Amino acid sequence: RFDDFMMRMNFQRSNYDNCVYILKRDDEVFLYLLLYVNDILLASSSMDQIDRLKAMLSFEFEMKELGKAKRILGMDINKNRSKGKLFLSQQGYIKKVVEKFRMHESKPVSTPLGQHDNLSTKDAPNSDEERERMRLIPYSNGMGSIMYYMVCSRPDLAYVVNMVSRFMTNPRPKHWGALKWVFRYLNDSLSSSLKFKRKMKSEEPIKGYTNSNFAGNISTRKSLFAYVFTFFGTVVSWRSVLQLVLALSTTEAEFIALTKAVKEAR
C-alpha cells in the first residue's frame, strides 16, 4: 500500500535500496524518503517539499510528527548548520551494550584487535567441559551487537568483525578474550562518529581505496580483502571479508581485491 502511494506521488524507488524513494524532476533530486518498517526519514533542500509530503502522508496514513531528525535506528544525528557539518554516531547505543556486557569499567585500548590475537579454528574447545562452559558465554550476542555498529557507523570495526565472527559456532576462551578486547576499544571510543560536510568544489566527490592480505587466514590460507569509499571526504561504503577463492600469489590477491572494489564503485 505504501509503495503504491509513493508511486502515485511520482516517486521513484531506488535500484540499490528498496527502502529509499526519490522525487526527481528533470534529473534533479528534490526529496529523499527513507522507510524502515514504520519509521520514516525525509531529506530535502526545500522545507516546502518536506511539509507538502508530510501533509499528504498524514492524510493517507496515521502518523506522528517527531520533529527534526535527532535519532533513528539507534543512530544519533547531530547537526552544526553554521559550519555545514553533520555527525552520525551510535554513542548511546554502544554505551548501553558495553554496560550490558559489564565492560564499562574495563581498561581502555586504542586498537580494535590486539597484536597477540592470532586467532585460528585450531583454538576450538577440545573438551566437553570447556564446550559446556563456553555455551554459557554470550559470544553470539556480543558479536551481533558489534556487527550492527560496524554496518551503520563504525568502519574501523570491519576487520575485527570479520575476524571474530569466524568462531561464532564454536568459540574458545581465546576468542572470547578477543571479543572483550573489542568492547574495551569501544568503551574508549564512544564518541567516534562519521562527519559529513558541505561539498567543496575543489574536492573529488568519490574516492576509493582497496587492499588485500595475502593468505591472511592461518586456518584456510585464504586472503583477506578490504575496500573503503569516501564521498567528499566522508566514509560511505566499507567492507572487509575473506576472498572466496584461494589466491596463489600476492598479485592475484590484489587483483581480486581490485575487482571487488571496482564492482562496488560501479
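**Figure 1. Salt bridge between Asp156 and Arg154.** Asp156 is partly exposed, its relative accessible area being 29%. The model shown in this and the following views is predicted. The side chain of Asp156 meets that of Arg154 in a salt bridge, with an N to O distance of 2.9 Å. Arg154, in contrast to its partner, is buried, with a relative accessible area of 2%. By the rule applied here, the count of salt bridges comes to seven.

**Figure 2. Salt bridge between Glu60 and Arg8.** An N to O distance of 3.7 Å separates the side chains of Glu60 and Arg8, which form a salt bridge. Glu60 belongs to helix H2 (residues 47–60) and Arg8 to helix H1 (residues 2–8); the two residues are 52 residues apart, and the pair links distant parts of the chain. Glu60 is partly exposed, at a relative accessible area of 27%. Arg1 also enters this view, as Arg1, Arg8 and Glu60 are linked in a network of salt bridges.

**Figure 3. Salt bridge within helix H2, between Lys54 and Asp51.** Both residues lie in helix H2, three residues apart, which is about one turn of the helix. Their side chains meet in a salt bridge at 3.9 Å, N to O. Lys54 is partly exposed, with 22% relative accessibility. Asp51 is partly exposed as well, with a relative accessible area of 37%.

**Figure 4. Aromatic pair of Tyr139 and Trp176.** The ring centres of Tyr139 and Trp176 are 6.4 Å apart and the ring planes stand at 55 degrees, so the pair is classed as tilted. Tyr139 is part of helix H5 (residues 139–152) and Trp176 is part of helix H7 (residues 173–188), so the pair ties together parts that lie 37 residues apart in sequence. Both residues are buried. The count of aromatic pairs comes to ten.

**Figure 5. Aromatic pair of Phe225 and Tyr227, with Ser240.** The rings of Phe225 and Tyr227 form a tilted pair, with 6.4 Å from centre to centre and 35 degrees between the planes. Phe225 is buried, at 3% relative accessibility. Tyr227 is also buried, with a relative accessible area of 8%. Ser240, located in strand S11 (residues 234–242), is buried at a relative accessible area of 12%. Leaving aside residues up to four places away in sequence, Ser240 touches Phe225, and its other contacts include Ala158, Tyr159, Asn162, Leu224 and Ala226.

**Figure 6. Other aromatic side chains.** One aromatic cluster is formed by Phe2, Phe5, Tyr21 and Phe61. In a separate panel, Arg184 lies over the face of Trp181, 5.0 Å from the ring centre.

**Figure 7. Open sheet of strands S1 to S4.** The four strands follow the order S1-S2-S3-S4 in an open sheet, with antiparallel pairing. Strand S1 (12–13) and strand S4 (39–44) stand at the edges with a single partner strand each, so one side of each has no neighbour in the sheet. Strand S3 (residues 28–36) runs antiparallel to S4, and six bridges join the two strands. In one of the residue pairings, Tyr36 has Asp39 in S4 as its bridge partner.

How values were computed: Residues numbered from 1 in each chain as written. Predicted model: local features only at pLDDT ≥ 70, side-chain atom pairs only at ≥ 80, totals over all residues. Heavy atoms only, no water. Phe/Tyr/Trp six-rings, centres within 6.5 Å; stacked < 30°, edge-to-face > 60°. Buried < 20%, exposed > 50% of the residue type's maximum accessible area, 1.4 Å probe, protein only. Lys NZ or Arg CZ within 6 Å of the ring centre and 35° of its normal. Pairing = 2+ DSSP bridges. Contact = heavy atoms within 4.5 Å. Salt bridge = Lys/Arg side-chain N within 4 Å of Asp/Glu carboxyl O.
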